[in-house]
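Q: Please show me how to read a few features of a protein model, step by step.

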Amino acid sequence: MKNIPMSPKAKKFIRENNIDIAAVTPTGTDGDIRYVKYDDAAKATPLAEKLASQNGVDLSKVGHTGEKISRNDVLKYIRMLDAKKAYRLSGAREALADNLSSSNYDTIPYTLFAKVNSDKAYEYYRNVKETTGISVTFTDVIIFAAAKALKKNLIVNTTRKDGFYLNEENVNISLAIDRQGSILTPVIKDADEMSIAQIAKLRINYTEKVSHGKISSEELSGGTFTVSNLGRSVVGHFTPVINYPQSGILGIGRTDDELYLEDGAVKVRKVTFVSLTVDHAIIDGKAAADFLDDFDRELNNL
């Protein structure tokens, strides 16, 4: 700083805001700096000003590295403030955390990663949507194929109760649905006996109930296996956490177009990333792989 007399308040403001003292106009009668006008501080970009206004941020407190306060500078400041706020988990979130903790403690989880051919699955669900008028989605096809594969591999359909493992005959698939930062898993019971259109109707009903907070405890109980779909994100493979007391969960990632060779010709097909987490205490690697093989076949035999 130049050797210019200034008040402690002005000196602190200049230091904290990285203001070039050469740009500051002395305000004292003796040529000293008594205070700093906001105009002397770094100007903010329009996006930074808008974000600051929306979040009640005092721009004079926002640090910056460039000539102007940027939107990223404001975001960093907001995140810093949020990080300092202590809070408790909501009731639903706390229940979810407790269940996931039980899953981590009471299971020996491992995850298999695969890519499945989903060309026919996409074509099939679009045809069903057009012919029935029902808002069928790729998720419904996934549930349908998973249910059929589970029926052939009931070891993956195992649940646990009071220290005992139960090989469930009924295939009841829990579907992970996000609701305001928490996750609820309504159950599609006897999914292996339902058509894709029937699954779609129930999935639509459950989604609406979850969004309005009207899902019942009965509709959330009795699941034997879970499907979690992150396909609309950039995520490929991930490690879904077992929905205890179940023993398996299928995570669906994004779908990509992939080049492949057929009879010497280059073609394009859709492939979907899938991640299967199971409990090694009851399900070994071959059993898990058999389920994924059957799941892939079901998708391609629609």
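A: Start with a salt bridge, keeping in mind that this model is predicted. Glu 262 and Lys 267 form one, with their closest N and O atoms 2.8 Å apart. That pair counts because a side-chain nitrogen of Lys or Arg has to lie within 4 Å of a carboxyl oxygen of Asp or Glu.

Q: Are Glu 262 and Lys 267 buried or exposed, or something in between?
A: Anything under 20% relative accessible area is called buried and anything over 50% exposed, with partly exposed in between. Glu 262 has 34% relative accessibility, so it is partly exposed. Lys 267 is also given 34%, so partly exposed is the right label there.

Q: How many salt bridges does the rule give?
A: The count comes to 11 salt bridges. One of them joins Glu 258 to Lys 115, where the closest N and O atoms are 2.7 Å apart. Glu 258 is in strand β9 and Lys 115 is in strand β1 (residues 109-117), so this pair ties together parts that are 143 residues apart in sequence. Lys 115 is partly exposed, at a relative accessible area of 45%.

Q: Which residues are joined into one network by salt bridges that share partners?
A: Lys 115, Glu 258 and Arg 269 are joined in this way.

Q: Arg 269 is new to me. Which residue is 7.3 Å from Arg 269 in space, C-alpha to C-alpha?
A: That residue is Asn 117, and the two are 152 residues apart in sequence. Asn 117 belongs to strand β1. With a relative accessible area of 23%, Asn 117 is partly exposed.

Q: Can you take me through another salt bridge?
A: Take the side chains of Lys 209 and Glu 219, which meet at 2.6 Å, N to O. Lys 209 sits in helix α7 and Glu 219 in the loop between α7 and β8; the two are 10 residues apart, and the pair links distant parts of the chain. Now apply the accessibility cut-offs to each partner. Lys 209 has a relative accessible area of 25%, so it is partly exposed. Glu 219 has 15%, so it is buried.

Q: How do I read a surface patch?
A: Look for side chains of one kind that group together at the surface. Here Leu 259, Leu 261, Val 266 and Val 268 make a nonpolar patch of about 440 Å². Strands β9 and β10 (265-279) each supply at least two of its residues. Leu 259 is in β9, and its relative accessible area of 61% makes it exposed.

Q: How is empty space found in a model?
A: A probe the size of a water molecule is rolled over the atoms, and this shows where empty space is left. In this model the largest pocket holds about 650 Å³ of space. It is lined by 20 residues, and those closest to its centre are Thr 137, Thr 139, Asn 229, Gly 231 and Arg 232.

Q: Which elements give two or more residues to that lining?
A: They are α5 (119-132), α6 (138-152), β5 (177-179), α7 (196-211), β8 (225-229) and β9 (248-262). Strand β9 gives the most, with 3 residues.

Q: What classes of residue make up the lining of the largest pocket?
A: The lining has 8 nonpolar, 8 polar and 4 charged residues.

Q: What should I look for in the backbone?
A: Look for exceptions to the usual angles. Most residues other than glycine have a negative phi, and most peptide bonds are trans. Asp 162 is not a glycine, yet it has a positive phi of about 55°. Asp 162 lies in the loop between β2 (158-161) and β3 (164-167), and it is exposed, with a relative accessible area of 68%.

Q: What about Asp 190, and where is it placed?
A: Asp 190 is in the loop between β7 (187-188) and α7. Its phi is positive, about 55°, although Asp 190 is not a glycine. At a relative accessible area of 28%, Asp 190 is partly exposed.

Q: Which peptide bond is cis?
A: The bond from Tyr 244 to Pro 245 is cis, with omega near 15°. Pro 245 is found in the loop between β8 and β9.

Technical notes
Residues are numbered from 1 along each chain as its sequence is written. This is a predicted model: local features need pLDDT of at least 70, side-chain atom pairs count only at pLDDT 80 or more; totals for chains, interfaces and linings use all residues. Side-chain values use heavy atoms; hydrogens and water are left out. On a 1 Å grid over the protein atoms alone, a cavity is a set of points where a 1.4 Å probe fits but cannot get out, and a pocket is an open set with protein on both sides within 12 Å along at least five of seven lines; lining residues have an atom within 4 Å of a point. Grid points are joined across faces, edges and corners, and a volume is the space filled by probe spheres set on the points. Helices (H or I, at least four residues) and strands (E, at least two) are DSSP runs, numbered from the N terminus. Ala, Val, Leu, Ile, Met, Phe, Trp, Tyr, Cys and Pro count as nonpolar, Asp, Glu, Lys and Arg as charged, and the others, Gly among them, as polar. Patches are made of residues with over 30% relative accessible area and no salt bridge: like charges are joined within 9 Å, nonpolar side chains (Val, Leu, Ile, Met, Phe, Trp, Tyr) within 5 Å. Accessible areas come from the Shrake-Rupley method with a 1.4 Å probe; for residues, only the protein chains shown count as cover. Buried means under 20% relative accessible area, exposed over 50%, partly exposed in between (1.4 Å probe, protein chains only).
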